[in-house]
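Me: I have a chain to go through with you. Take the strands and the cysteines, and keep the answers short.

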Amino acid sequence: LPLLLEATLLRLASGSHHPFYNGFYYNRLMNDNDNDNGNGQEKVVYFNGAKLVVETPKDPIYSSNGANVTLPCHYHYEPDLEAKRKIRIKWSKLREDYTKEQDVLVAIGKTYMAFGDFRGRAHLHQAGRREASLVVSDVRLQDDGKYRCEVIDGLEDESNVVDLRLQGIVFPYQPPRGQYRLNFHEAEQACQEQGAILATFNQLFQAWSEGLDWCNAGWLADGTVQYPIRLPRKPCGGLHLAPGIRSYGPRHRHLHRFDAFCFSSALRGEVFYLDHPAGMTLEKAKQSCQDAGAEIARVGQLYSAWKFLGLDRCDAGWLADGSVRYPIAKPRANCGPPEPGVRSFGFPSKGKFGVFCYKER
């Protein structure tokens with residue numbers, strides 16, 4: 001029986017279910033032995049005019065890295081049906097590039113199975129009547145996106161979408177080799193090495209609306225190349241174009257090379273600064289962080305500490321990628337431009353500086 005149930009769940013996960021309404025609704029659930037009345041004769045499926053409705057929030061659900069989040073989903077019938085029914089529930093994540101959906105969880109009654117990265121982190125919350133909400137624990141950067149809640153009652157199949165958005169920050173990134181050196185896959189890897197992931201268009205748009213202005217084009221998670229402009233100027237698309245997100249559209253993921261726009265969320269630990277009277281080389285800086293029970297901070301961690309924890313330090317420090325940067329939350333004289341931000345000295349081959357370290361809580 002457990003093997004049969006598992007096989008049923010797998011078929012449910014891999015199947016393609018699209019909402020369809022032809023004017024009729026069914027009152028019997030074709031599940032288990034419901035198609036047999038016990039005397040060898042098939043039961044008849046009748047129409048009863050009840051419509052299955054799946055409801056999810058219209059507004060996005062916000063969360064952050066490492067948190068737990070509930071994606072609400074409820075269903076009902078119009079008109080209401082009092083009979084207790086065995087319902088199948090499927091949750092899936094819609095991919096940014098509109099390819100095949102990612103299976104998250106399927107359930108029959110109180111038995112469920114989670115898949116992939118959601119295994120051990122996802123379960124159903126069914127405290128209320130006709131509730132099919134999804135609980136995701138230890139939220140990760142990759143969890144940001146749209147989720148489909150699908151309810152299957154026999155031949156009825158209805159769904160709706162929940163938008164999960166992580167509170168985070170988008171930052172442009174180019175490697176030590178210089179501008180426009182990353183193909184799509186290298187851009188993905190570069191962001192991951194900095195404690196981040198490639199940003200989505202929605203994340204870049206949000207960052208633009210909050211003031212991000214960057215003239216270098218970079219990869220996004222859907223394989224497009226874009227860049228945000230707040231102040232139109234000649235080298236950045238022209239003086240006469242309105243502010244907005246400039247797009248090169250989809251590019252060849254292996255052949256074309258650009259920078260990257262990375263996305264990082266709130267930290268589970270803290271970023272702190274270490275200094276030495278004579279400064280430190282990069283290798284000495286890494287060792288100093290280890291001696292303090294930490295590790296040298298990544299670029300994404302510094303940006304997150306600046307945005308979410310208000311980290312403000314007018315002293316340049318090494319980061320894990322070999323760059324030297326410093327975060328300014330309160331602009332002042334001798335600390336760079338008059339706007340808040342993370343300042344960069346690039347990737348110096350020589351010189352001695354302090355270091356930013358990261359330690360888990």
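What follows is a set of questions and answers on a predicted model.

Me: In what order do the strands of the 6-strand open sheet lie?
Reply: The sheet is open, and its pairing is mixed. The twist averages 20° from one strand to the next. The strand order is β2-β11-β10-β5-β6-β7.

Me: Which strands stand at the edges there, each with a single partner strand?
Reply: An edge strand has one partner strand, so one of its sides is left without a neighbour in the sheet. Two strands fit, and they span 61–63 and 111–114. They are β2 and β7.

Me: Which residue stands opposite lysine 90 in β6?
Reply: Strand β5 covers residues 88–94 and β6 covers residues 102–108. The two run antiparallel, joined by 6 bridges. Opposite lysine 90 stands valine 106.

Me: What is the strand order in the open sheet of 3 strands?
Reply: Pairing in this sheet is antiparallel. β3 (69–71) and β8 (122–125) are at its edges, so each lacks a neighbour on one side. The twist averages 30° between one strand and the next. The order reads β3-β9-β8.

Me: What is the bridge partner of threonine 70 in β9?
Reply: β3 and β9 (residues 133–136) run antiparallel. They are joined by 3 bridges. Threonine 70 has as its partner valine 135.

Me: Now the cysteines. How many disulfides does the structure hold, and what is the pairing of the bonded cysteines in sequence order?
Reply: The structure holds 5 disulfides. Number the bonded cysteines of the chain in sequence order. The pairing is then 1-2, 3-6, 4-5, 7-10, 8-9.

Me: How many residues apart are cysteine 191 and cysteine 262?
Reply: These two form a disulfide, S to S 2.1 Å. The pair links distant parts of the chain, with cysteine 191 in helix α2 (residues 184–193) and cysteine 262 in strand β17 (residues 259–265). Their separation is 71 residues.

Me: Is the link of cysteine 191 and cysteine 262 left-handed or right-handed?
Reply: Both cysteines, 191 and 262, are buried. The angle about their S-S bond is -80°. That link is left-handed.

Me: Which parts does the disulfide of cysteine 289 and cysteine 357 tie together?
Reply: The sulfurs of this pair are 2.0 Å apart, and the link is left-handed with -80° about the S-S bond. The two cysteines are 68 residues apart in sequence. Cysteine 289 lies in one element and cysteine 357 in another, so the pair joins helix α4 (residues 282–291) to strand β23 (residues 354–360).

Me: Is cysteine 289 buried or exposed?
Reply: Buried means under 20% relative accessible area. Cysteine 289 has 0%. Its partner, cysteine 357, also has 0% and is buried. Cysteine 289, too, is buried.

Me: Where do cysteine 314 and cysteine 335 lie?
Reply: They form a disulfide with sulfur atoms 2.0 Å apart, and the link is left-handed at -120° about the S-S bond. The pair ties together parts 21 residues apart in sequence. Cysteine 314 is in the loop between α5 (299–309) and β20 (317–318), and cysteine 335 in the loop between β21 (324–328) and β22 (341–344).

Me: How does cysteine 314 count by relative accessibility: buried, partly exposed or exposed?
Reply: Under 20% is buried, over 50% is exposed, and partly exposed lies in between. Cysteine 335, at 3%, is buried. Cysteine 314 is at 27%, so it counts as partly exposed.

Terms used: Residues numbered from 1 in each chain as written. Predicted model: local features only at pLDDT ≥ 70, side-chain atom pairs only at ≥ 80, totals over all residues. Heavy atoms only, no water. Pairing = 2+ DSSP bridges. Helix = DSSP H or I, 4+ residues; strand = E, 2+ residues; numbered from the N terminus. Axes fitted to C-alpha atoms, helices over the stretch in contact; angles between N-to-C directions. Disulfide = S-S within 2.5 Å. Buried < 20%, exposed > 50% of the residue type's maximum accessible area, 1.4 Å probe, protein only.
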